[in-house]
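Let's take a walk through this structure together, looking for the empty spaces between its atoms. Have the model open and turn it as you read.

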Amino acid sequence: MKTHEIVGFKRANLGKVEAQELRAQGYVPSVLYGGPEQVHFYAPAMLFRTLLFTPDVFNVTLNIEGTIYNAILQEKQFHPVNDMLLHADFLQIIDGKEIKVDVPVKLTGASSGVMKGGKMNQKLRKLRVQGLANSIPDYVEVDVTELDLGKSVKVGAIKPEGFVILTAISNPIASVEIPRALRGTLGK
């Protein structure tokens, strides 16, 4: 996994009014859970930009007033109108404890169905996986070279190494659709 660092400060007061004041000053109220105790903290909103606008999974190093925690961004909450980050939840990574995370899917190869005029349709952009933090990949690679017109590749075709896929194996990842112009000519 890629790494990112966030420097934060512990929150003395918890509550709606204090959280709104922090947001007005350009901070994001956050919580770290999954360890021995929950840690409520806030950090500058600018530090979250790398984590939010990418499909990648990051191993986040949280430096909260000198105490270092390893975590992943588990949940984020945005304002419904202006898309400002309102709150972030982090899950602490503990050695020997498995985590569940969404990993992006990367399609590789040139599909034979697309070469014949079909249209590639990626139905799943992320897969839910479970495993130790050091065994979770940056992305899951799916080869679509053998995908022909009207065919699809499913989650069951992926061979995980060091992690378990939690997404249902019958879900299609990608398919090659037959365009309307080709439908009548294929039977001839």
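We can start with the second largest pocket, which holds about 180 Å³ of space. Keep in mind that this is a predicted model. Who sits around that space? The lining of the second largest pocket is made up of Met1, Asn59, Asn70, Ile93, Ile94, Asp95, Gly96, Lys97, Leu132, Ala133 and Asn134. Sorted by class, that lining comes to five nonpolar, four polar and two charged residues.

Now move over to the largest pocket, with a volume of about 300 Å³. It has 16 lining residues, and those closest to the centre are Leu73, Lys76, Val101, Asp102 and Lys126. Where along the chain does the lining come from? At least two residues each are supplied by α2 (49-52), β5 (67-78), β7 (99-108) and β9 (126-131). Strand β5 gives the largest share, with four residues. As for the character of this lining, eight residues are nonpolar, two are polar and six are charged.

How do you spot such spaces in the first place? Rolling a probe the size of a water molecule over the atoms reveals where empty space remains.

Finally, step back to a longer stretch of the chain. An unreviewed UniProt entry annotates residues 9-90 as "domain: Large ribosomal subunit protein bL25 L25". Within residues 9-90, 16% of the chain is helix and 49% is strand. If you look at the two ends of that stretch, their C-alpha atoms lie 14 Å apart.

Definitions and conventions:
Residues numbered from 1 in each chain as written. Predicted model: local features only at pLDDT ≥ 70, side-chain atom pairs only at ≥ 80, totals over all residues. Heavy atoms only, no water. 1 Å grid on protein atoms, 1.4 Å probe; cavity = no way out; pocket = protein on both sides within 12 Å on 5 of 7 lines; lining within 4 Å. Points joined across faces, edges and corners; volume = space filled by probe spheres on them. Nonpolar A, V, L, I, M, F, W, Y, C, P; charged D, E, K, R; others polar. UniProt positions renumbered as here; feature names shortened; annotations may be inferred.
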